[in-house]
Amino acid sequence: MNINRNVLTLDEFTIQQLRNFPNATGELSSLLRDIGLASKRVNVEVNKAGLVDILGDAGSINVQGEDVKKLDIFANNQFMGVLKHGISCAGVGSEEMDDFVVFDDEVSNNSKYVVMFDPLDGSGNIDVNVSIGTIFSVYRRVSERGKPCTKEDFLQAGNRQVAAGYVIYGSSTMLVYATRRGVNGFTLDPSIGEFCLSHPNIKCPEVGRIYSVNHGNFFQYDEPVRQYIDTCQRKTKDTGGPYTQRYIGSMVADVHRNLIKGGIFMYPNTIDKPKGKLRLLYECNPFAFIVEVAGGKATNGKQRILDVQPTELHQRSAFFVGSRLMMEELESYTGKV
Ligand code: P6P
């Protein structure tokens with residue numbers, strides 16, 4: 001009997017991956033399905049954010065010193081909930097929580113993975129209806145199984161990630177995740193409430209014509225970065241341009257666009273933020289992993305991002321990510337990485 005499988009759901013895809021790798025335990029597939037479930041619940045609230053009193057500041061201030069909006073808290077609790085009650089995660093770290101959380105129950109203590117996530121990145125855009133997103137990063141724990149996870153499980157270099165991904169709540173809702181075997185995108189089909197494989201085996205074009213940076217900070221950037229931005233502005237048909245500047249101010253939307261179309265996203269150090277603004281563990285590392293698996297590059301301007309050894313859960317970093325040849329042109333100004 002020929003079963004019509006022309007559209008694979010996220011669940012079917014992750015189970016198919018299991019069939020292709022019989023030695024796999026299924027814990028990572030299960031964890032990804034848990035994240036997909038939480039994403040669908042967050043999506044419902046994001047889509048009606050303008051209609052119900054879920055907007056507006058929750059009154060609290062998060063560890064970043066930013067006003068926390070109710071949707072941030074809702075999203076944080078959704079991802080925490082599915083991961084705590086799943087079978088694959090020993091604990092989590094989140095932008096919305098000062099410290100990492102150990103689930104510390106028998107099943108969780110025997111689980112293989114820990115997860116870092118930014119539950120709702122770009123949340124400052126929630127009430128002006130700009131695309132926002134969730135970002136997540138999965139590590140195999142280094143602490144002894146059977147016991148509670150420890151800080152060392154979360155302070156691993158990005159090159160030890162097992163999987164990473166994001167959800168973009170935009171004109172459509174997409175979940176994109178990478179393992180070392182590839183990057184795949186799933187678009188939510190509201191008619192069946194399932195993420196369906198829409199972008200198999202995503203590759204980042206070697207070169208693009210989009211550069212993404214906050215020009216408002218231009219005079220705060222180091223000279224080599226300003227020189228590269230100037231070069232972008234001077235591109236012509238004869239020199240691989242003209243380039244266009246696209247910057248939404250929501251990292252998930254900006255990096256997703258550049259991943260698909262080709263381009264470079266930059267959040268350099270500034271005079272005001274000498275260590276950068278973006279968070280290494282749950283913003284830079286996941287996107288660096290995804291873009292590298294797709295064929296691009298990601299650095300902090302001096303070093304491959306995935307090789308940076310973290311020392312703090314919420315540490316910041318300068319971040320440059322995108323098409324390989326555009327990153328190499330940037331490095332011709334900032335120094336070879
Ligand atoms: P700026 C959103 O607050 C965020 O963390 C990223 O999503 C986004 O890329 C960046 O900050 C925008 O920062 O300083 O340009 O507004």
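Two strands pair if DSSP finds at least two bridges between them. Strands (E, at least two residues) and helices (H or I, at least four) are DSSP runs, numbered from the N terminus. The model is predicted: local features need pLDDT of at least 70, side-chain atom pairs count only at pLDDT 80 or more, and totals for chains, interfaces and linings use all residues. Residues are numbered from 1 along each chain as its sequence is written, and side-chain values use heavy atoms, with hydrogens and water left out.

**The eight-stranded sheet**

Eight strands form an open sheet with mixed pairing, in the order E4-E3-E5-E6-E7-E8-E9-E10. Strand E4 (101-102) and E10 are its edge strands, each pairing on one side only. Strand E9 (residues 182-189) is antiparallel to strand E10 (residues 194-199), with five bridges between them; Thr 187 has Cys 196 in E10 as its bridge partner. Four residues separate E9 from E10 in a hairpin, and Gly 193 in the turn has a positive phi of about 65 degrees. Strand E8 (residues 173-179) also pairs with E9 in the antiparallel sense, over six bridges, and Val 176 stands opposite Gly 185 in E9.

**The five-stranded sheet**

A second open sheet, also of mixed pairing, has five strands in the order E12-E11-E13-E17-E15. Strand E12 (244-245) and strand E15 (297-299) stand at the edges with a single partner strand each, so one side of each has no neighbour in the sheet. Strand E11 (residues 210-212) and strand E13 (residues 264-267) run parallel and are joined by two bridges; Ser 212 stands opposite Phe 265 in E13.

**Helices across the sheets**

Contact here means heavy atoms within 4.5 Å. Axes are lines fitted to C-alpha atoms, for helices over the stretch in contact, and angles run from 0 to 180 degrees between N-to-C directions.

| Helix | Strands crossed | Angle |
|---|---|---|
| H2 (residues 27-47) | E3, E5, E6, E7, E8, E9 and E10 | about 20 degrees to E7 |
| H7 (residues 251-261) | E5, E6, E7, E8 and E10 | about 105 degrees to E7 |
| H8 (residues 280-293) | E15 and E17 | about 25 degrees to E17 |

**Arg 141**

Arg 141 lies in the loop between strand E6 (132-140) and helix H5 (151-154). Arg 141 is buried yet has no salt bridge, and the nearest side chain of opposite charge, Asp 153, is 4.2 Å away. Buried means under 20% relative accessible area (1.4 Å probe, protein chains only), and a salt bridge requires a side-chain nitrogen of Lys or Arg within 4 Å of a carboxyl oxygen of Asp or Glu. The side chain of Arg 141 does make a polar contact with that of Ser 143, at 3.1 Å. A polar contact is a pair of N or O atoms within 3.5 Å; within protein, one must be able to donate a hydrogen and the other to accept it, and residues adjacent in sequence count only if both atoms are side-chain atoms.

How values were computed
Buried means under 20% relative accessible area, exposed over 50%, partly exposed in between (1.4 Å probe, protein chains only). Lys and Arg count as positive and Asp and Glu as negative; His and the chain ends are not counted.
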